[in-house]
Amino acid sequence: QLQLVESGGGSVQAGGSLTLSCTASGYTYNMYMGWFRQAPGKEREGVASIHTGGGSTFYADSVRGRFTISQDNAKNTVYLQMNSLKPEDTAMYYCAAGAVTFSNWWRGANDYWGQGTQVTVSS
């Protein structure tokens, strides 16, 4: 039903910026959307979430203050603006959606996942 298409990854030097986008088809009202990331040899971790109904946002401690998640309801798209990128941000980033509670989203219990987009930050 719900399809997620993400884009915006790439390679950037430390201190640079990238913006990821995740465009959803279908109904996205009153669910959490955001990004997880996974680097080789690392566990998948939640990065940032937004509630599509109320717009509330939350960030992992590692990115808080550097990343900003936002949504454009007209385009049915969420964005992750990543500033002051660090090499440790290098990972495959996956858009995730579908959980209706905050805790379920952050534990990875989402019905829908994007295909992933690679972010590489060089020192």
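This is a short tour of a predicted model, with a suggestion at each stop for what to select next.

**Stop 1: strand β9**

Start by selecting residues 91-97, which form strand β9. How many of its 7 residues are buried? The count is 6, and the strand is mostly covered. Keep β9 highlighted, since the next three stops look at its partners.

**Stop 2: from β9 to β4**

Now add residues 32-38, which make up strand β4. The two strands run antiparallel, and 6 bridges join them. To see one facing pair, show the side chains of Phe-36 and Tyr-94: Phe-36 stands opposite Tyr-94, which belongs to β9.

**Stop 3: from β9 to β11**

Next, select residues 117-122, which are strand β11. This strand also pairs with β9 in the antiparallel sense, here over 3 bridges. Which residue of β11 should you look for opposite Met-92? Pick out Gln-118, and you have that pair.

**Stop 4: from β9 to β10**

Stay with β9 and add residues 112-113, the stretch called strand β10. Here 2 bridges connect β10 with β9, and the pairing is again antiparallel. Select Ala-96 and then Trp-113: in β10, Trp-113 is the bridge partner of Ala-96.

**Stop 5: His-51**

Leave β9 for a moment and click on His-51, a residue of strand β5, which covers residues 45-51. Is His-51 buried or exposed? Its relative accessibility is 14%, so His-51 counts as buried, because buried means under 20%. To view its surroundings, select Asn-30, Met-31, Tyr-32, Ser-56 and Gln-71 together; His-51 touches each of these, leaving aside residues up to four places away in sequence.

**Stop 6: two loop residues**

The last stop visits two loops. First select Asn-76, in the loop that links β7 (67-72) and β8 (77-82). What is the sign of its phi? Asn-76 has a positive phi of about 55°, although this residue is not a glycine. With a relative accessibility of 23%, Asn-76 counts as partly exposed.

Then move along to Ser-84, which sits in the loop between β8 and β9. Ser-84 is not a glycine either, and its phi is positive, at about 50°. At 40% relative accessibility, Ser-84 counts as partly exposed. From this loop you can follow the chain into β9, back at the strand where the tour began.

Notes: Residues numbered from 1 in each chain as written. Predicted model: local features only at pLDDT ≥ 70, side-chain atom pairs only at ≥ 80, totals over all residues. Heavy atoms only, no water. Buried < 20%, exposed > 50% of the residue type's maximum accessible area, 1.4 Å probe, protein only. Helix = DSSP H or I, 4+ residues; strand = E, 2+ residues; numbered from the N terminus. Pairing = 2+ DSSP bridges. Contact = heavy atoms within 4.5 Å.
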